[in-house]
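Here's a quick walk through a protein–ligand model, going from the overall fold to the packing and then to the binding site. Have the structure open while you read.

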Amino acid sequence: MTEETLFSKIINGEIPADIVYEDEYCIAIKDIAPKAPVHLLVIPRKIIPRIIDAEADDQALLGHLMLAAGKVAEQAGIADAFRLIVNNGAGAGQTVFHLHIHILGGKGFSESSLGF
Ligand code: 5GP
């Protein structure tokens, strides 16, 4: 069995979180340490440690996560300007090894910068 993660504990209700969306395949929560006025995380119920660990069988799930991210951004009122980020590996800043998409928005972006 895949080891539990911080996010699977949130999904199971063992650790509290502000859940803003959930469906059969994923949940979305407010990030505990927001890096932008709106900072949400879309997390699959299935534990995939990093995006690089996703397999061909996960194709539909990955598409579902992107569609869910759009819905969640819309629901949060930032449909016109938001950024999706997936950190892969500690070297890229990944700290929780359970795939998640960051949704960042609620303030202006500089066109060329990937920073926030
Ligand atoms: P990563 O650095 O792995 O891409 O992103 C992990 C994110 O999870 C970070 O932005 C961090 O603030 C958030 N986070 C860490 N622990 C918790 C927690 O217990 N609850 C919530 N809601 N977010 C968390």
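Helices and strands here are DSSP runs, with at least four residues for a helix (H or I) and at least two for a strand (E), numbered from the N terminus. With that in hand, the chain of this predicted model reads α-β-β-β-α-β-β along the sequence, which comes to two helices and five strands. The radius of gyration is 14 Å, close to the 13 Å from the globule rule for 116 residues, so the chain is as compact as a globular protein of that length. Its C-alpha atoms fill a box of roughly 45 × 30 × 25 Å along the principal axes.

On to packing. Of the 116 residues, 36% are buried. If you take the contacts with a separation of 6 or more, 54% come from residues 24 or more positions apart. The chain exposes about 7,000 Å², and 54% of that is supplied by carbon and sulfur atoms.

The largest nonpolar core has 17 residues, and Y21, C26, V42, L65, V72 and I103 have the most contacts inside it. At least two residues each come from β2 (26–30), β3 (38–44), α2 (59–75) and β5 (101–105), with α2 giving the most, six residues. Take C26: not counting residues up to four places away in sequence, C26 touches Y21, V42, I43, P44, R45, H64, L65 and A68. Another core of eight residues lies apart from the largest one, and F7, L41, I43 and V96 are among its members.

Now the ligand. It is surrounded by 18 residues, and D31, N87, G93, T95 and H102 are the closest. Three of the side chains put an N or O atom at these distances from a ligand oxygen atom:

| Side chain | Distance to a ligand oxygen atom |
|---|---|
| D31 | 2.5 Å |
| N87 | 2.9 Å |
| H102 | 2.8 Å |

Taken alone, the ligand exposes 520 Å², and the protein buries 86% of that.

Is H102 itself buried or exposed? The cut-off for buried is under 20% relative accessible area; H102 has 12%, so H102 is buried. This residue lies in strand β5, and its side chain also makes a polar contact of 2.8 Å with the side chain of H39. Leaving aside neighbours within four places in sequence, H102 is in contact with D31, H39, L40, L41, R83, L84, I85 and N87. Two residues on that list, D31 and N87, are also among the closest to the ligand.

Key:
Residues numbered from 1 in each chain as written. Predicted model: local features only at pLDDT ≥ 70, side-chain atom pairs only at ≥ 80, totals over all residues. Heavy atoms only, no water. Core = buried A, V, L, I, M, F, W, Y, C linked by side-chain atoms within 4.5 Å. Buried < 20%, exposed > 50% of the residue type's maximum accessible area, 1.4 Å probe, protein only. Contact = heavy atoms within 4.5 Å. Near = heavy atom within 4 Å. Polar contact = N/O pair within 3.5 Å; in protein donor to acceptor, adjacent residues only side chain to side chain. Areas by Shrake-Rupley, 256 points an atom, 1.4 Å probe, with all protein chains shown as cover. Rg over C-alpha atoms; globule rule 2.2 N^0.38 Å.
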